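Hi,

Here is the structure I said I would pass on. Have a look at it first, and then read my notes underneath.

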Amino acid sequence: LNNLDMSSSSTIKRDNQPSAGDDNANKKAKLNDTDADVKKFPHELYFEKRNAWLNENKDILGAMLIKGLESDPDEEDEDEENDEHEDKSKYTEEQMNSLRFIMLNKNRDEQLKEMRTLVLGEQANGSCMMFDTSFSYTVLGSWDHVKSRILPRKSPGQKLDILLAFTHTIKEYDVWMHDNEGGMGEIVKGLGAAWKKIIKQNSDEKLGWDTEYTKPGVMELLKQFQSDIDIVDSCNEMGKFKYM
């Protein structure tokens, strides 16, 4: 941040001793200088708060971004090299508070890796992936495995992390939504019911998610997934994702 120029003129007495008025003016100028030095924009304040939260919660390995800041259409064509010099002071407090993250503890991080492997198979660690209609059957089979083999006998917190990881994975790799021969409504209906049950029947404490970041982040993820399903439902008859 650029410091404001708070210099001011004052009358110099012949004996070089400041008057009471000069002294008060100097004190006021110093206070103004201090205010200018500590003034921070919403972007900086937001991440200072988030980093402080991360420092207090040592079990958190990192943060997964679910919803970022919307880009200005007029700036979308600018070179990516300019990102480092982006004017972050332009973001308002409202914009910063719209960010959504999911905080990853050890179990959530492991479940993300396991669900990625389950859904993507041999392509999980590949840099170049190829999908066709058969992928929809892979996703359907993965969901059947999750609901019948993985979720049973798990604690509410474990179930939350598994559902989160599976939902995030099939949302990210969404070819199955667009390229299938039907039957995907089983995933949409079943996954929605599982989310609805776990959210309604358990407290935040039992679910083990923080209400500061992870809960809003998960709810945003589900909202986005619902929107994705709604877009393709009219063509592929997938039904509604009813998670609430």
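The chain has 10 helices and two strands. Bear in mind that this is a predicted model. If you follow the sequence from start to end, the order of elements is α-α-β-α-β-α-α-α-α-α-α-α. Of its 244 residues, 32% count as buried. The accessible surface is about 15,800 Å², and carbon and sulfur atoms make up 46% of that. As for how the chain comes together, take the contacts with a separation of 6 or more: 78% of them are between residues 24 or more positions apart.

I spent most of my time on helix α10. It covers residues 214-236, which is 23 residues. From first C-alpha to last it reaches 32 Å, close to the 33 Å expected at 1.5 Å a residue. Even so, α10 has a kink of about 25°, centred on D230.

Which residues of α10 are buried? They are T214, G217, V218, E220, L221, L222, F225, I229, V232 and D233. Several of the gaps in that list are worth reading with the helix repeat in mind: with 3.6 residues a turn, residues three or four places apart in an α-helix point the same way. The buried residues of α10 pack against both strands, β1 (62-67) and β2 (100-104), and also against helices α4 (106-120), α6 (156-172), α7 (175-178) and α8 (185-201).

One of those partners, α6, holds T169. Is T169 buried or exposed? Its relative accessibility is 3%, under the 20% cut-off, so it counts as buried. Leaving aside residues up to four places away in sequence, T169 touches L112, M115, R116 and V119.

Two backbone spots also caught my eye. R153 sits in the loop between α5 (134-150) and α6. Its phi is positive, near 65°, and R153 is not a glycine. R153 counts as exposed because its relative accessibility is 80%, and the cut-off for that is over 50%.

The other is E237, in the segment after α10. E237 is not a glycine either, yet it has a positive phi of about 50°. With a relative accessible area of 70%, E237 is exposed too.

If you open the model, I would begin with α10 and its kink at D230, then go on to T169 in α6, and finish with R153 and E237.

Cheers

Note on methods: Residues are numbered from 1 along each chain as its sequence is written. This is a predicted model: local features need pLDDT of at least 70, side-chain atom pairs count only at pLDDT 80 or more; totals for chains, interfaces and linings use all residues. Side-chain values use heavy atoms; hydrogens and water are left out. Helices (H or I, at least four residues) and strands (E, at least two) are DSSP runs, numbered from the N terminus. The expected span of a helix is 1.5 Å times one less than its number of residues. The bend at a residue is the angle between axes fitted to the seven residues ending there and the seven starting there. Buried means under 20% relative accessible area, exposed over 50%, partly exposed in between (1.4 Å probe, protein chains only). Contact means heavy atoms within 4.5 Å. Accessible areas come from the Shrake-Rupley method with a 1.4 Å probe; for residues, only the protein chains shown count as cover.
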